[in-house]
Amino acid sequence: MSTDEPTDSPEPTESTEPGEPAEYDVPEGGGEEGRSDKNDKRQRRLLWSYVLAVVVTAVATVVVVALLTNIFERRHEALVPTQRVVDVDEDTIEPAIWGQNFPRQYETYARTVDYERTRYGGSDAIPEQKLDKDPWLRVMWSGYAFSLDYREARGHAYMLLDQEETERILQVEQPGACLHCHASVMPAYRYVGDGDVMAGFREINSMGYTEARNLTDEHGELLIDHPISCVDCHNPDTMALRITRPAFIEGIAAYKEHVEGIEDYDVNRDSTRQEKRTYVCAQCHVEYYFTPEDNQLVYPWTHGLDVDAQEAYYDEIGFSDWTHGYTGAPMLKAQHPEFELYSQGPHAQAGVACADCHMPYQRDGALKYSNHHVRSPLLDIASSCMTCHGGTESQMMERVNTIQDRTQNLTDRAADALVDLMDEIVAARESGATDEELEEALQYHRKAQWRLDWIYSENSHGMHAPQESARILGDSIDYSRRGFAIARQLALISPEDIETEPPPPRGVTPAEEAPPGVYE
C-alpha cells in the first residue's frame, strides 16, 4: 500500500519525551461514530434556528398586519367621523336626537348638569344667593330687579329653567328679548316671522316674557321649550360652526363697520373657523341693553368693546337702565361681558378661542372632537391649560388663584368705596343739597358702579384679562372717592351755615381790637 494514500487511522501526536510511544487523537465516541454525532447536533441546531426564524417571522407578520389594520381603521374613522342614524334639520332642537348621530359630543354636553365648583364659582344643586354672600349688591342695585334675586350661574342645561324660576322674572315683567340667550329660539323666530328670522326676532323681543315663552305652532306645540342646543351653533347638514343669534350678527357688523372700517361684514361668510370658535360663545356672553321704546335687544359695540367705549355709547344716546332707588342717579346695569373682557386679554391677542379652554379637544381613537361639557378650565387643567402652558398643574392653579384673589381684593375695595359714596350722597341730600348741586357726584356714582358691576358680573373673576380688570376696578375706586369728596363738601354745608357776610380771616386781629395808633 502506498504511504500517500489516506487511511482511517488517527494521526499520531508528537510525544513529549524521547522514546515514549506516539499518542493518537481519537474523536469522542471514536471514528465514524463521533463525526456522526457532531453532524446530528449541527443539523438539530440548524433545524431549531429555522423554526425560530419562522416563528419570529410569523409573529412579526401578525404584528405588522394588526398595526396596518389599526391604522387603516383609524384613518377610516377620521374620514367618516359620524354615522347618520337620524335626519336633523333647522327645527330639531332636542339634543338627544342629534346625539344619535354624534354620541361623543352629546355625552359630554349632557354632563352640563353636573355640580362642580371652583374657588370663586361653579354649579350647585341649589345655586348660591349672591345677594346674601355680598349684601352690598342689594344697595348697589337698589330699585332694580337684580336686587330681588341674583344667584350663582349653573351649567347650560339649566339656563332656561333658572331664568323661569328667578324672582327677576316672577316679580317683574320682563320682555321676550330675554329668551334670545336662554333658549333654543331660532325656530320660534322663523315661525313668528313667517320665515324671516330678523322679523321674528324683533316681534318676540317686543312681547312680554310670559307671552313669548308660551308661543305655540299650528299643532299646539311649544316653540320655545329647550335651552341652548346643537342647532344653535352647528349647520345641521354639514355640522360646520355658524352664528345664529340676530343680536350678535347685527352687533359684530356694527363693530366691524364703525371701529375697524369694514363695511357689509357677514360674520358667517367673513370670519375664520377659529374666530367662530369664539363667536358661537359671544352670541350670548356679552353686554347688552333693551331699547326703551320697544325692548329691542342691542349690543353696544359701535364705539368699541371695552368698558369705556360702551359707556361712551350709552352716554351718547342718553341711556339709563334705571334710576337708582337710594341715590337717584341714572344707572347702567352691566350684564355678563365675558366676550368683551376676553377681547382685551392675552388669550385673545394670541388667537386662543373660547372653545380652546372651555371646550378642549379630546381624542377617541383617531377621532378628535371638542368636549361639549362646557365649564371652567380649572376643572380640567391638563386638557385646557397645559397643552400650551409650561410648568405643572399645581403651579398653574396657584397662578390662577393669585390673579383671582387679587381681583377679589380690588372688588371688595371698590365695593366699600361705592357704598361710602352712596351713603354720602344721601347724607348730602338730607342736608339740603339739590339734585343740581349733586349732579357731578351722581355722575361719578354712575361711572364707578358701571365699572364695578362690569367686572363683578363678568364670570372669569379677572382671568380673561387680569390687567384690564385691575385697571377697571382701580378706576371704579377713583371715581367713587372723587364723588365722595364732592358729596362730603355738600353734606357739611347746611343752609343755616351760609352767611351773607364772610367771617374775618383767622389769625388776623380785627381793627377795633388793635392797639391804638396801628390803623391811624
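In this predicted model, aspartate 149 touches Gln129, Leu131, Thr166, Glu167 and Arg168, leaving aside residues up to four places away in sequence. Aspartate 149 sits in the loop between α5 and α6 (159–165). Despite that loop setting, aspartate 149 counts as buried, at 4% relative accessibility. Two of its neighbours get a polar handshake: the side chain of aspartate 149 makes a polar contact with the side chain of threonine 166 (3.1 Å), and the aspartate 149 side chain also reaches the backbone nitrogen of glutamate 167, again at 3.1 Å.

Another acidic residue, glutamate 437, is found in helix α20. With 43% relative accessibility, glutamate 437 falls into the partly exposed class. Its side chain reaches back to the backbone nitrogen of threonine 434 at 2.9 Å. Beyond residues up to four places away in sequence, glutamate 437 touches Gly432 and Leu490. Glutamate 437 and isoleucine 486 are 49 residues apart along the chain, yet their C-alpha atoms are separated by 9.3 Å.

Helix α20 turns up again in the nonpolar interior. The largest nonpolar core has 46 residues, and those with the most contacts inside it are Leu137, Trp141, Leu452 and Trp454. Two or more residues apiece come from α5 (136–140), α14 (307–317), α19 (393–430), α20 (435–457) and α21 (466–492). Of these, α20 gives the most, with 10 residues. As for tryptophan 454, its contacts outside residues up to four places away in sequence are Leu305, Asp306, Val307, Gln310, Ala334, Pro337, Glu340, Leu341 and Ile472. Apart from this core lies another, of 44 residues, with Ala183, Leu241, Ala247 and Ala282 among them.

Moving on to helix α9 (residues 197–206), the residues Gly200, Phe201, Ile204 and Asn205 are buried. Looking down the axis of α9, these buried residues fall within an arc of 135 degrees, so they line one face of the helix. That pattern fits the usual helix geometry: an α-helix has 3.6 residues a turn, so residues three or four places apart point the same way. The cover over the buried residues of α9 includes α8 (186–192), α10 (209–213), α11 (246–258) and β6 (297–298). At the start of α9, a side-chain oxygen of aspartate 196 comes to within 3.1 Å of the backbone nitrogen of methionine 198.

Among the strands, β9 (residues 361–364) and β10 (residues 367–370) run antiparallel and are joined by four bridges. Within this pairing, glutamine 362 has tyrosine 369 of β10 as its bridge partner. The two strands form a hairpin with two residues between them, and glycine 365 in the turn has a positive phi of about 65 degrees.

Finally, the cysteines. The disulfide count comes to zero. For cysteine 357, the closest cysteine sulfur belongs to cysteine 385, and the gap of 6.4 Å is too far for a bond. Cysteine 388 is in no disulfide either; the nearest cysteine sulfur to it is that of cysteine 357, 7.4 Å away. As for their surroundings, cysteine 357 counts as buried at 18% relative accessibility, whereas cysteine 388 is exposed, with a relative accessible area of 67%.

Conventions:
Residues are numbered from 1 along each chain as its sequence is written. This is a predicted model: local features need pLDDT of at least 70, side-chain atom pairs count only at pLDDT 80 or more; totals for chains, interfaces and linings use all residues. Side-chain values use heavy atoms; hydrogens and water are left out. A nonpolar core is a set of buried Ala, Val, Leu, Ile, Met, Phe, Trp, Tyr and Cys residues joined through side-chain atoms within 4.5 Å. Buried means under 20% relative accessible area, exposed over 50%, partly exposed in between (1.4 Å probe, protein chains only). Contact means heavy atoms within 4.5 Å. Two strands pair if DSSP finds at least two bridges between them. The arc is that of the directions from the helix axis to the C-beta atoms. A polar contact is a pair of N or O atoms within 3.5 Å; within protein, one must be able to donate a hydrogen and the other to accept it, and residues adjacent in sequence count only if both atoms are side-chain atoms. A disulfide is a pair of cysteine sulfur atoms within 2.5 Å.
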